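Me: I've got a new structure open and I'd like to learn how to read it. Can we go through it together, one feature at a time?

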Amino acid sequence: MNKDRDALTAFAVNLGLFSNVILAGLKTAIGIFGHSPALLADGINSSSDVVYYIAVKIFMRQARKPADNEHPYGHRQLESIAAIVVGAFILTTGIAIFWESINKVYELITHTEVGRSASGWALVIAITTFCLKIFLYYYTQRTAKRTHNPTLRALTNDHLNDIMASVAVIIGVIMGRLGFYWMDPAAGAIVALYIVKTGIEIIMDSSSELMDSLPDDEFTRELKDVSTLVHGVKGIEELGIHRFGPYYTISMTIAVAGELSIDEAHKISHDVEERLLKHFDNGLRKVHIHYHPFSPANTPQGVNTI
């Protein structure tokens, strides 16, 4: 399962990297020689994409390393760290593009710079980018759902950002060719705002994973329901959840009848562990079950991270 997951992830990343290398060259060149600030801004965005895709590939390779003495739960947390790297690149790129575009709009409105309509090739490249990014968005989104990889979720958001950016570029280039020259760089500023928004969302989402934010209530409720189906489990006293990349480590304290022998109580806890691992398939990395003698006073406590 891990090998299939890593192969799917690697292919999605490589496909995005190859596409962005081509797009970065085309959009930057046509943006400069075709006199389109919006397309040039989008080209800079794609160039930034190439840089962070390379960073993602490095992180993904490290994340596949097996567990060792220093990292007994493996290196999958690097997937969330890679997503933060993606978000940081997107955010800084967006801020730089925004200020450059706003300055360009000001110069054109105040006539300190003469406006020029963009080349027809700028429109062709913008439409081509739009079509390609739609394909990459749906492919990466589908792969992210299959692999539960936070980095691919970040890249999916970036593809969506590029789709919106392409729409802005198309509108800006068309309006610029109609004589509204300031609309071209204004479209670049709109592109930048989408970029900044996406970068912030990615950083916030990935940071919450590194901070061990709890899964949704449905997941924790399902954990409890599956556990209490095991014969001999009187209740769940404590439930701890710790995230490692796409996987979880569970620490649970169950209540069993006080008159049971140690061997009998141990068997119940072992049955709970096996049932959870089987039910959640590859979603759980490890399950630790502790048991206490059941007492009416031992009311279930809230779910806490460990």
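Me: In what order do the elements of the protein chain run from the N terminus on?

Reply: The order is α-α-α-α-α-α-α-β-β-α-β-β. That gives the protein chain eight helices and four strands. Helices (H or I, at least four residues) and strands (E, at least two) are DSSP runs, numbered from the N terminus. Before we go on, keep in mind that this is a predicted model, where local features need pLDDT of at least 70, side-chain atom pairs count only at pLDDT 80 or more, and totals for chains, interfaces and linings use all residues. Residues are numbered from 1 along each chain as its sequence is written, and side-chain values use heavy atoms, with hydrogens and water left out.

Me: What share of the 306 residues is buried?

Reply: Buried means under 20% relative accessible area, exposed means over 50%, and partly exposed is in between (1.4 Å probe, protein chains only). Buried residues make up 45% of the 306 in the protein chain. Take Val-272 in helix H8: it counts as buried because its relative accessibility is 0%. Ser-206, in helix H6, has a relative accessible area of 2%, so it is buried. Arg-142 sits in helix H4, and at 48% relative accessibility it counts as partly exposed.

Me: How far apart in space are Arg-142 and Arg-153, C-alpha to C-alpha?

Reply: They are 9.6 Å apart, with their positions eleven residues apart in sequence as the separation. Now try Ser-206 and Arg-153: 53 residues apart in sequence, but 9.7 Å apart in space, C-alpha to C-alpha. Val-272 and Gly-232 are 40 residues apart in sequence and 9.9 Å apart in space, again C-alpha to C-alpha.

Me: How many salt bridges are there?

Reply: Here's the idea: side chains of opposite charge can pair when their charged atoms come close. The rule asks for a side-chain nitrogen of Lys or Arg within 4 Å of a carboxyl oxygen of Asp or Glu. By that rule the count is two. One joins Asp-162 to Lys-133, with the closest N and O atoms 2.9 Å apart. This pair links distant parts of the chain, since Asp-162 is in helix H5 and Lys-133 in helix H4 (residues 120–147), 29 residues apart. Both Asp-162 and Lys-133 are buried.

Me: And which residue pairs with Asp-271?

Reply: Lys-267 does, and their closest N and O atoms are 3.0 Å apart. Asp-271 and Lys-267 are four residues apart in helix H8, so about one helical turn separates them. With a relative accessible area of 25%, Asp-271 is partly exposed.

Me: At what angle do helix H7 and helix H8 pack?

Reply: Axes are lines fitted to C-alpha atoms, for helices over the stretch in contact, and angles run from 0 to 180 degrees between N-to-C directions. Helix H7 (residues 217–228) and helix H8 (residues 262–279) pack at about 130°, with their axes 9 Å apart. That makes H7 oblique to H8, because angles under 35 degrees count as roughly parallel, over 145 as roughly antiparallel, 65 to 115 as roughly perpendicular and the rest as oblique.

Me: Which residues form the nonpolar patch on the surface?

Reply: Patches are made of residues with over 30% relative accessible area and no salt bridge: like charges are joined within 9 Å, nonpolar side chains (Val, Leu, Ile, Met, Phe, Trp, Tyr) within 5 Å. Here the members are Ile-109, Ile-174, Leu-178, Phe-180 and Trp-182, with about 500 Å² of accessible area together. Such areas come from the Shrake-Rupley method with a 1.4 Å probe; for residues, only the protein chains shown count as cover. Trp-182 lies in the loop between helix H5 (150–177) and helix H6 (183–210), and its relative accessible area of 38% makes it partly exposed.
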